[in-house]
Amino acid sequence: MRVIIESPYRDNIKRNTDYAKKCLRDSLDRKESPLCFHLLYTQVLNEDNDLERDFGIQTSFEWHKFANKLAVYEDYGITYGMEMAINLAKVHKIPVDFRKIL
């Protein structure tokens with residue numbers, strides 16, 4: 001099952017990177033095939049540059065229409081970017097699974 005992972009990133013990058021890795025592991029343990037764009041794209045795009053950040057968000061949304069599920073990990077709350085992904089999932093009729101792992 002193709003799953004896109006949403007979790008917080010920007011405000012506390014160290015904590016949120018560690019959390020995103022746990023979310024990725026949780027998804028893999030569920031035998032899913034996850035993508036975690038905020039772990040991938042931030043390796044080459046500058047998160048502090050609003051143009052690059054917005055570009056990364058918009059390009060990741062191109063993949064959403066191919067997902068079977070959106071997994072929203074909400075232990076640290078739901079950010080504006082996560083909310084945008086949830087709304088997009090609704091448009092594409094992709095199931096949204098809210099998860100907690102902590």
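In the predicted model, Lys14 counts as exposed, at 59% relative accessibility, and its side chain meets that of Asp18 in a salt bridge with an N to O distance of 2.8 Å. Asp18, the acidic partner in this salt bridge, is partly exposed, with a relative accessible area of 30%. Because Lys14 and Asp18 lie 4 residues apart in helix α1, about one helical turn separates them. A second salt bridge joins Arg25 and Asp29, whose closest N and O atoms are 2.8 Å apart. These two residues also belong to helix α1, where a spacing of 4 residues places them about one helical turn from each other. Arg25 counts as exposed, at 53% relative accessibility, whereas Asp29, at 48%, counts as partly exposed; the boundary between these two classes is set at 50% relative accessible area.

The structure holds 9 salt bridges, including the pair formed by Arg10 and Glu47, in which the closest N and O atoms are 4.0 Å apart. This pair links distant parts of the chain, since Arg10 is situated in the loop between β1 and α1 and Glu47 in the loop between α2 and α3, with their positions 37 residues apart in sequence. The surroundings of the two side chains also differ in accessibility class: Arg10 is partly exposed, with a relative accessible area of 31%, while Glu47 is buried, with a relative accessible area of 13%. Side chains of opposite charge can pair when their charged atoms come close. Arg10 and Glu47 are, moreover, members of a network of salt bridges that also takes in Asp50 and Arg53.

Two residues of this network reappear in the description of the largest pocket, which encloses about 480 Å³ of space. Its lining comprises 28 residues, of which Tyr9, His38, Glu47, Arg53 and Ile57 are the closest to the centre of the pocket. Several elements contribute at least two residues each to the lining, namely strand β1 (2-6) and the helices α1 (13-29), α2 (37-40), α3 (50-64) and α4 (80-91). Among the contributors, α3 gives the most, with 6 residues. By residue class, the lining divides into 11 nonpolar, 10 polar and 7 charged residues.

In soluble globular proteins, nonpolar side chains tend to be buried together. The largest nonpolar core of the model contains 14 residues, and within this core Ile4, Phe61, Leu70 and Val72 touch the most other members. The elements that supply two or more residues to the core are α3, β3 (69-73) and α4, and the largest share, 5 residues, comes from α4. For Leu70, the contacts beyond its neighbours within four places in sequence comprise Ile4, Glu6, His64, Ala85, Ile86, Ala89, Ile94, Pro95, Val96 and Asp97. A second core, separate from the largest one, is made up of 9 residues, among them Val3, Ile5, Tyr19 and Cys36.

Tyr19, listed in this second core, is also a contact partner of Glu74, which touches Phe98, Arg99 and Lys100 as well when residues up to four places away in sequence are not counted. Glu74 and Tyr19 are 55 residues apart in sequence, yet their C-alpha atoms are 10 Å apart in space. The position of Glu74 is in the loop between β3 and α4, and at 24% relative accessibility this residue counts as partly exposed.

Finally, two lysine residues have backbone phi values that are positive although neither residue is a glycine: for Lys31 the angle is about 65°, and for Lys93 it is about 60°. Lys31 lies in the loop between α1 and β2 (33-35), and Lys93 lies in the loop between α4 and β4 (96-99). Both side chains fall in the exposed class, with relative accessibilities of 72% for Lys31 and 73% for Lys93.

Definitions and conventions:
Residues numbered from 1 in each chain as written. Predicted model: local features only at pLDDT ≥ 70, side-chain atom pairs only at ≥ 80, totals over all residues. Heavy atoms only, no water. 1 Å grid on protein atoms, 1.4 Å probe; cavity = no way out; pocket = protein on both sides within 12 Å on 5 of 7 lines; lining within 4 Å. Points joined across faces, edges and corners; volume = space filled by probe spheres on them. Nonpolar A, V, L, I, M, F, W, Y, C, P; charged D, E, K, R; others polar. Buried < 20%, exposed > 50% of the residue type's maximum accessible area, 1.4 Å probe, protein only. Core = buried A, V, L, I, M, F, W, Y, C linked by side-chain atoms within 4.5 Å. Contact = heavy atoms within 4.5 Å.
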